[in-house]
Amino acid sequence: MVSRYTGTVAKASAKFCMILLAGGFSLAMPNGVLAQAAQPDGGGVRSGVLPDRWQVSGPNCPVDPKFQIHSYNEDLYILRESGCSNYEKPFLYLLFGKEKVLMLDTGAGKTDVAVVVKGVVDQWLKRNNRESIPLVVAHTHAHGDHIAGDAQLKLLPGATVVGLKPGDVQAFFGFKNWPEEIVQYDLGSRVLDVIPIPGHEASSIAIYDRQTGILFSGDTLYPGRLYVADGDAFARSIQRLVDFTNGKIVAHILGNHIEETWTPYLDYKIGTVYQPDEHELQLGRGNLLELNDALTRMNGKIVRMAMRDFTIWPH
Ligand SMILES: [Zn+2]
Ligand SMILES: [Zn+2]
């Protein structure tokens, strides 16, 4: 198979090797397998790798539970909070642009999240021969399990923490017509689309990263219980996401929790710390269409409904 990309092996580990592509982007792949960007252009997105399984918390918790830090690629980091810190086990995201780094959510309960984030940022700076980069901390929404680290992150030098009220979010990103309007936020050669998705919570946003084709969906769509506080707003938000993604690349839809098991129609009870057979984090646009279809059929009256990979749950 001949690729128009001339790849060179840049880094090899026991499990993965990285191929640097002409555009500077890399593809990671199982050792020894020659992969290429799907023709003609790999979808135009920068690739990355998600773990086969996330580290599970327990069954015996260590004295000092840590975050799992996963590098999707060199400019996107995923932090998973240990269930030993808080059973919600939320995911947090760090997206690096040329001018800013965006942190999405700050976790649940009492953790040392600022120390962990500073460590990741310092490593990135070193690798990029940079002295500093402004840190912008935003939230997928304002629930307590997504904002608990705000106070300590505010103390990091160069950090801006976006407020929690819908008005704060709208003012920061420059929305004039919430929730219909979709605005752009540029991290420096990395444009994000910020999409209002109230319904789970009034200030909920989704973020589409044009560079990776990842849609960050917060608690609005993830493998678990999708708590719906405002049914009308939620249904309109899901339709907004369907319309927005129509014709766009969606590499993954990444939410902030895993509550499903790998077995369809089987989830972990609220409060579960140890989830040895949990569902993968990533969903795809098919799941979004499936959710939209179910909500459309409910026609304004949201009822609890178990689906293969998530449950709709009026709250
Ligand atoms: Zn929530
Ligand atoms: Zn949550």
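These legends accompany several close-up views of a predicted model.

**View 1. Helix H4 and what surrounds it.**
Let's start with helix H4, which runs over residues 231–245 and contains 15 residues. From its first C-alpha to its last it reaches 21 Å, close to the 21 Å expected at 1.5 Å a residue. Which residues of H4 are buried? They are Phe234, Ala235, Ser237, Ile238, Arg240, Leu241 and Thr245. Their cover includes four strands, namely S11 (191–196), S12 (205–209), S13 (214–218) and S14 (225–228). Helix H5 (285–298) is also part of what covers them. Just after H4, look for glycine 247, which takes a positive phi of about 85 degrees.

**View 2. The largest nonpolar core.**
Here is a group of residues worth exploring slowly. The largest nonpolar core has 62 residues, and those with the most contacts inside it are Met103 and Ala206. Strand S6 (residues 91–96) gives this core its largest share, 6 residues. In soluble globular proteins, nonpolar side chains tend to be buried together.

**View 3. The surroundings of alanine 206.**
Now zoom in on one of the core residues with the most contacts, Ala206. Which residues does alanine 206 touch, leaving aside those up to four places away in sequence? The list is Ile195, Ile197, Leu215, Phe216, Ser217, Gly218, Thr220 and Leu241. Leu241 may look familiar from the first view, where it appeared among the buried residues of H4.

**View 4. An open sheet of 5 strands.**
Follow the strands across this open sheet in the order S10-S11-S12-S13-S15, and you will find that the pairing is mixed. Strand S10 (183–186) and strand S15 (252–255) are the edge strands, and each pairs on one side only. On average, neighbouring strands of this sheet are turned by 25 degrees against each other, direction ignored. S10 and S11 run antiparallel and are joined by 4 bridges. To find one place where they meet, start at valine 183, whose bridge partner in S11 is valine 194.

**View 5. An open sheet of 3 strands.**
This open sheet has the order S14-S17-S16, again with mixed pairing. Why is one side of S14 and one side of strand S16 (305–306) left without a neighbour in the sheet? Both stand at the edges with a single partner strand each, so one side of each has no neighbour there. S16 and strand S17 (residues 311–314) run antiparallel, with 2 bridges joining them. Within S17, threonine 311 is the residue that alanine 306 stands opposite.

Note on methods:
Residues are numbered from 1 along each chain as its sequence is written. Chains are lettered from A and ligands numbered from 1 in the order in which they are written. This is a predicted model: local features need pLDDT of at least 70, side-chain atom pairs count only at pLDDT 80 or more; totals for chains, interfaces and linings use all residues. The expected span of a helix is 1.5 Å times one less than its number of residues. A residue is buried if 20 or more other C-beta atoms lie within 10 Å of its own, exposed if 12 or fewer, and partly exposed in between; C-beta atoms are placed from the backbone. Two residues are in contact if their C-beta atoms, placed from the backbone, lie within 7 Å. A nonpolar core is a set of buried Ala, Val, Leu, Ile, Met, Phe, Trp, Tyr and Cys residues joined through C-beta atoms within 7 Å. Two strands pair if DSSP finds at least two bridges between them. Axes are lines fitted to C-alpha atoms, for helices over the stretch in contact, and angles run from 0 to 180 degrees between N-to-C directions.
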